[in-house]
Amino acid sequence: MVVSLTPITDYFATRGWQPLAFQAETWAAYLSGRSGLVQVPTGSGKTYGAVMGAIAELIAQPSEGLHLLYITPLRALSRDIEQAIKAPIEAMNWGISVESRTGDTSSSRKTKQLKQMPNILITTPESLAVMLSYKGGAKRFKHLQAVILDEWHELMSSKRGTQAELCLGQLRSLQPTLRTWAISATLGNLAEAAQTAVGLGSEPVIIRADLKRDTVIKSIRPESVDTFPWAGHLGLRMFETLIEALDLEKSTLIFTNTRNHAERWYQALNFALPEEAKSIALHHGSIDVKEREAIEAGVKSGDIKWVVCTSSLDLGVDFQPVERVVQIGSPKNLARLLQRAGRSAHVPEGTSEVFFLPTNALELLEISAFRRGLALGDMETRRPQHKPYDVLVQHLVTLACGDGFEPQQTLKTLRQTVAYADLTDEEYQWILDFIETGGQCLGAYPRYKKVVREEGLCQVSDTKLARNHRMGIGTITSNTSVKIVYTNRREIGTVEEAFVSRLKKGDVFFFAGRQLEYFQIKDMVLYVKSTKRKSTVTPSWGGGQMAISDTLSHHLRREVEWVREVIKEVSGSAFPQSVESTFDETSFPQSLVGEDHAITPLNKRGRGHSCRTPDEHQADYKPETANAEILTIAPILAAQQRLSTLPRADELLVESCKTREGQHLYVFPFEGRFVHEGLGFLWGYRFAKQKTATFTISVNDYGFEILGPKGYPYEDLFSSAFFSLENLADDIRASLNISELTQRQFRGVAQVAGLVFKGYPGSRKTSSQLQVSTSLLYEVFTKYEPDNLLLKQAEREVLQDQLETHRLTQTLERLDQRSVVWQETKRPSPLAFPLLVERLNSRMSNETLLERIQRMKDLWEQR
């Protein structure tokens with residue numbers, strides 16, 4: 001059947017649009033039966049590029065049932081996508097039904113959908129899995145023609161991406177001609193991402209757009225910087241500077257990296273502009289969904305001008321009125337900065353404007369590295385998960401709750417996914433035994449014997465087990481949340497139980513922009529009252545730490561090397577003691593002074609995102625100007641050169657100094673805090689094997705500190721063996737309390753695998769109850785089944801996700817090729833000082849952190 005695109009082009013004509021080249025290419029590929037991936041800049045019309053081919057098919061051959069499934073990572077996105085898809089359908093009277101199905105959809109609507117599916121359904125990976133857990137799946141999906149994976153860069157590398165892969169594999173087994181299209185804006189490894197989306201049985205088409213989209217990055221800089229900076233020393237001190245730099249008439253999203261920081265910045269802005277309170281809003285994932293929807297509507301209507309937000313607004317919510325984005329603190333990741341920048345000027349070939357406000361003066365060096373990386377068109381890669389057994393356990397029980405599954409046919413389907421392509425017969429049999437009999441350890445407990453075989457099919461016959469399983473479907477695990485509700489039962493949002501456990505009746509805290517007083521807690525619901533009593537207590541949530549990416553760390557090392565050469569050109573090879581006080585814009589040769597400028601990444605000129613080797617990077621890396629960020633922190637970098645040195649990209653800087661606390665070793669690989677955590681403990685262990693000592697380790701994104709006893713001979717004991725990969729895994733296990741970290745990670749694995757039941761709505765188990773349950777399971781498995789696959793997975797996740805051992809291995813190989821530069825210093829250098837503060841911040845003291853820092857500085861100045 002020949003499908004005409006005339007209805008689509010007619011609709012575009014009514015809006016004064018012309019189909020963009022990538023849209024027409026995608027429609028043609030779709031209608032020819034192909035699957036693939038579309039990567040174009042944010043705000044370029046990806047949604048219509050993805051859906052209009054399927055809509056043209058529906059117009060040409062109308063029928064009942066589900067034809068197009070649109071999977072999105074966020075419930076908030078589903079509302080915008082539904083409205084975007086409905087707009088042309090309603091305007092042109094095409095008679096196509098469109099609905100959403102997420103956690104916010106009512107139970108009655110969900111029940112109706114199972115009986116009669118719309119033509120187009122927008123859903124999440126979790127909701128799709130729940131649909132597969134009901135009987136009648138073959139009938140429900142028999143008309144399905146295509147699946148679209150929106151924001152694939154966000155899903156692919158997580159367990160949610162694996163869950164989507166497994167669900168798609170099942171849908172393909174029901175519909176072998178199913179077409180799959182992934183949509184992304186920021187991916188470096190397109191071929192791998194596309195193959196992961198379409199499965200191993202298909203050759204994907206990769207479509208890029210030759211669209212120019214500039215990103216203007218401007219930094220909000222302090223008037224002066226402290227020669228010895230530390231994490232957070234700027235931050236909220238600059239809120240007045242931020243207000244002066246912005247315009248309340250310009251719609252602006254102000255991004256922070258954590259919900260805690262969003263709460264604090266919202267307080268600061270409200271304090272400074274009390275008369276504009278109605279124009280400023282706070283948005284993050286813990287605020288009640290109805291309030292978030294109201295804020296989003298306010299932004300679109302123009303009533304709300306500034307929104308302080310987190311990653312809750314990172315993705316494709318369409319805010320066309322937004323003119324500007326502010327990033328507070330380094331985003332640590334090129335893709336994240338580009339994604340957030342794309343929230344402004346959300347139209348094809350628009351120019352994104354980003355204001356960057358550092359929380360630490362050294363973050364200005366990072367933003368300079370961002371400029372270089374984006375100008376070269378670089379982007380981080382996202383890797384799919386490799387054989388997460390917990391997700392597979394959950395998926396097989398999900399299928400068994402539905403129409404059941406035939407084990408050998410399902411194994412073939414599983415091996416068509418990238419995640420489980422090398423799943424062995426032995427691993428698969430272990431998982432089958434685990435869900436059927438409880439495995440080696442849990443056979444005595446009926447609730448773990450979830451699946452039975454009937455006529456060759458694996459099924460769940462116990463309706464209570466099936467109901468409990470559906471309530472636990474999903475791969476997102478976190479601390480148990482407590483709902484926050486006014487005493488009149490109006491919901492405000494959720495906060496982690498660990499925060500609430502530190503409060504008592506009458507305590508006042510700040511949440512969702514409100515001063516709230518603790519009234520009582522009952523059944524995991526915290527009842528509160530509004531109050532005018534002031535408080536500085538703000539909830540903190542887990543998962544706040546982010547590390548710089550490997551791509552950014554490469555550019556950061558090149559940036560440090562380039563600054564070193566500039567300082568030498570300005571000052572000569574000698575660095576007088578007063579040099580750092582002499583740097584300003586006039587100190588630099590005018591040929592080296594640049595301005596904030598628009599960046600058009602090379603990949604936006606049609607070359608496509610690339611993942612290149614360090615040598616290829618080096619060939620491209622030829623900066624010509626010193627931007628304003630470098631000028632601002634030149635005094636810090638000059639002081640670093642005077643007191644120690646600035647390393648070249650092929651050097652590893654190691655500093656040693658002695659204080660009253662002991663002997664300090666500071667190492668600066670510039671590889672990110674997670675890699676440095678592994679390196680710090682690894683080197684501490686390798687030092688201790690030669691000369692026993694107790695060490696304290698502190699880390700940040702630039703390096704790590706090992707604090708040992710006075711006079712500890714670091715340099716005498718150091719050798720190339722510290723870069724050795726031999727026995728690396730064993731040394732890491734020995735250097736850390738790996739069993740404690742694994743036990744903590746096992747809690748999440750056990751929840752995803754369905755080993756613990758979180759409780760029914762309204763009577764959820766507390767974190768303590770869940771911890772006790774998973775701890776017992778961990779002890780049983782460790783003692784009686786040490787080869788349990790879920791135990792092995794928990795340890796693997798600790799090594800790969802928390803310690804990034806793959807990057808650690810690459811880092812050790814790189815460091816072994818560098819020249820080690822040892823510097824003896826009389827006091828911690830500007831690069832070392834933040835590491836010292838990291839350690840101080842974790843100590844109990846009757847002095848504030850600021851008092852301790854100032855006391856140390858005064859002492860050094862006296863010396």
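Contact here means heavy atoms within 4.5 Å. With that cut-off in hand, leucine 755 of this predicted model makes a good starting point: leaving aside its neighbours within four places in sequence, leucine 755 is in contact with Phe434, Tyr448, Phe746, Ala750, Leu777, Phe781 and Leu790. Leu755 also belongs to the largest nonpolar core, a set of 44 residues, where Leu755, Phe405, Phe746, Phe781 and Leu790 have the most contacts inside the core. Several helices build this core, with at least two residues each from α16 (389-401), α17 (407-414), α18 (425-437), α19 (463-472), α27, α28 (767-784) and α29. Helix α16 gives the largest share, nine residues. Apart from this core lies another, of 42 residues, among them Val225, Leu334, Phe670 and Leu835.

Two of the contributing helices, α27 and α29, can be followed in more detail. The axis of α27 comes within 8 Å of the axis of α29 (residues 789-802), and the two cross at roughly 110°. Helix α27 is therefore roughly perpendicular to α29. On the α27 side, the residues that meet α29 are Ile738, Leu741, Thr742, Gln745, Phe746 and Val749. Their counterparts in α29 are Leu790, Leu791, Gln793, Ala794, Glu795, Glu797, Val798, Leu799 and Gln802. By residue type, this contact between α27 and α29 is made up of nine nonpolar, four polar and two charged residues.

Valine 749 offers a close view of this meeting place. Val749 sits in α27, which spans residues 738-752, and counts as buried because its relative accessibility is 0%. Beyond the residues within four places in sequence, valine 749 is in contact with Lys159, Asp390, Leu790, Gln793, Ala794 and Glu797. One of these partners, alanine 794, lies 45 residues away along the chain, yet the C-alpha atoms of valine 749 and alanine 794 are separated by 6.6 Å.

Aspartate 433, located in helix α18, can be described in the same terms. With a relative accessible area of 33%, Asp433 is partly exposed. Once neighbours within four places in sequence are set aside, Gly438 and Gly439 are in contact with aspartate 433. Valine 451 follows 18 residues further along the chain, and its C-alpha atom is separated from that of aspartate 433 by 9.3 Å.

Turning to the strands, five of them form an open sheet with mixed pairing, in the order β24-β25-β23-β22-β26. At the edges stand β24 (696-699) and β26 (819-824); each has a single partner strand, so one side of each is left without a neighbour in the sheet. From one strand to the next, the twist averages 20°. Within the sheet, β23 (residues 662-668) pairs with β25 (residues 704-708) in the antiparallel sense over five bridges, and phenylalanine 704 of β25 is the bridge partner of valine 667. Helix α24 (residues 673-690) lies across β22 (651-659), β23, β24 and β25, and runs at about 30° to β25.

Elsewhere in the chain, helix α10 (residues 190-198) has Leu190, Ala193, Ala194, Thr196, Ala197 and Val198 as buried residues. The elements that cover these buried residues include the strands β1 (36-39), β5 (146-149), β6 (179-184) and β7 (205-208), together with the helices α8 (152-155) and α9 (159-174). Just after α10 comes glycine 199, which takes a positive phi of about 85°.

Methods
Residues are numbered from 1 along each chain as its sequence is written. This is a predicted model: local features need pLDDT of at least 70, side-chain atom pairs count only at pLDDT 80 or more; totals for chains, interfaces and linings use all residues. Side-chain values use heavy atoms; hydrogens and water are left out. Helices (H or I, at least four residues) and strands (E, at least two) are DSSP runs, numbered from the N terminus. Buried means under 20% relative accessible area, exposed over 50%, partly exposed in between (1.4 Å probe, protein chains only). Axes are lines fitted to C-alpha atoms, for helices over the stretch in contact, and angles run from 0 to 180 degrees between N-to-C directions. Angles under 35 degrees count as roughly parallel, over 145 as roughly antiparallel, 65 to 115 as roughly perpendicular and the rest as oblique. Ala, Val, Leu, Ile, Met, Phe, Trp, Tyr, Cys and Pro count as nonpolar, Asp, Glu, Lys and Arg as charged, and the others, Gly among them, as polar. Two strands pair if DSSP finds at least two bridges between them. A nonpolar core is a set of buried Ala, Val, Leu, Ile, Met, Phe, Trp, Tyr and Cys residues joined through side-chain atoms within 4.5 Å.
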